[in-house]
Amino acid sequence: MVRLILASQSPARTKLLAEAGIRHSVLVSDVDEDAVQARYGVTDPHDTALLLARAKAEAVAALPDAEGALVLGCDSVFEFDGEAHGKPYTATVARERMLRMSGNSGVLHTGHWLVDCRDTDPDDGGEPGTGATLGTVASAEVTFLEMETAEIDAYIATGEPLHCAGSFTIDGLGGAFIRKVDGDPHTVVGLSVSTLRGLLASANVRITDLWSA
């Protein structure tokens, strides 16, 4: 049986996989995102999303628990006015961003990286692994409605936007402020299932092999 490990602590990503019927487990990496970015000097939002997704996947793939499994790392970065917006963490930063985003558009980049940790020459005659380690970025443009200051303050008070790339969600309370999405909406949640399907195919695995009974 093919095993998929999600190298992410995001509840939204694991919920998305579960609702898509994709069997998986979660193993969180201890990657220091700031240190990774500083080491490679990557500032482009698109490339940053892929770099961090790869770092998370490879960190978990190196753990004993990942032996014989496929490991998926994901990371999202919101690009607005040419700037990369990760998690705001503070109400002050979130408020400043959302006031600028009101009535405007930005692009949410989600990096995906897959590592095939299965044995490439299994002794038991089972399906061999490919040794693949590859990734890609899925992007979607998000257009926001005009938001009242009182609405922004109420949303921030819930705490939801403080730990989300770009200071918003589409699958939670923040969905009330999104007018449209151009691209795969799953990308905005933080994991594109269709992108995962393509990566799995590169490792000779059908996504249907991971469907729950």
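Select Lys 180 and Asp 182 to begin: their side chains meet in a salt bridge, with N to O at 3.9 Å. The model in the viewer is a predicted one. Lys 180 is partly exposed, at a relative accessible area of 37%, and Asp 182 is also partly exposed, at 37% relative accessibility. This pair belongs to a wider set, since a search of the whole structure finds nine salt bridges. Side chains of opposite charge can pair when their charged atoms come close.

Next, select helix H4, residues 91-101, and show the side chains of Glu 96 and Arg 100. These two form a salt bridge whose closest N and O atoms are 3.5 Å apart. Along the helix, Glu 96 and Arg 100 are four residues apart, about one turn. Glu 96 has 40% relative accessibility and counts as partly exposed; Arg 100, at 27%, counts as partly exposed too.

Keep Glu 96 and Arg 100 selected and add Asp 81 and Glu 83. Salt bridges link these four residues in a network.

Now move to Lys 56 and Glu 33. The salt bridge between Lys 56 and Glu 33 has its closest N and O atoms 3.2 Å apart. It joins distant parts of the chain: Lys 56 sits in helix H3 (residues 45-61) and Glu 33 in helix H2 (residues 33-40), 23 residues apart.

Is Lys 56 buried or exposed? Lys 56 has a relative accessible area of 10%, so it is buried, the cut-off for buried being under 20%. Glu 33, its partner, is partly exposed at 24% relative accessibility.

Stay here and display H2 and H3 as whole helices. Two packed helices are described by the angle between their axes and the distance between the axes. For H2 and H3 the angle is about 120 degrees, and the axes are 10 Å apart. The two helices are therefore oblique to each other, as angles of 65 to 115 degrees would count as roughly perpendicular and those over 145 as roughly antiparallel. The crossing of H2 past H3 is right-handed.

Last, select the residues where the two helices meet. On the H2 side they are Glu 33, Val 36, Gln 37 and Tyr 40. On the H3 side they are Thr 48, Leu 51, Leu 52, Ala 55 and Lys 56. Colour this contact by class: five of its residues are nonpolar, two are polar and two are charged. Glu 33 and Lys 56, both in this contact, are the residues of the salt bridge selected earlier.

Key: Residues numbered from 1 in each chain as written. Predicted model: local features only at pLDDT ≥ 70, side-chain atom pairs only at ≥ 80, totals over all residues. Heavy atoms only, no water. Buried < 20%, exposed > 50% of the residue type's maximum accessible area, 1.4 Å probe, protein only. Axes fitted to C-alpha atoms, helices over the stretch in contact; angles between N-to-C directions. Parallel < 35°, antiparallel > 145°, perpendicular 65-115°, else oblique. Left-handed = near helix turned anticlockwise from the far one by under 90°. Contact = heavy atoms within 4.5 Å. Nonpolar A, V, L, I, M, F, W, Y, C, P; charged D, E, K, R; others polar.
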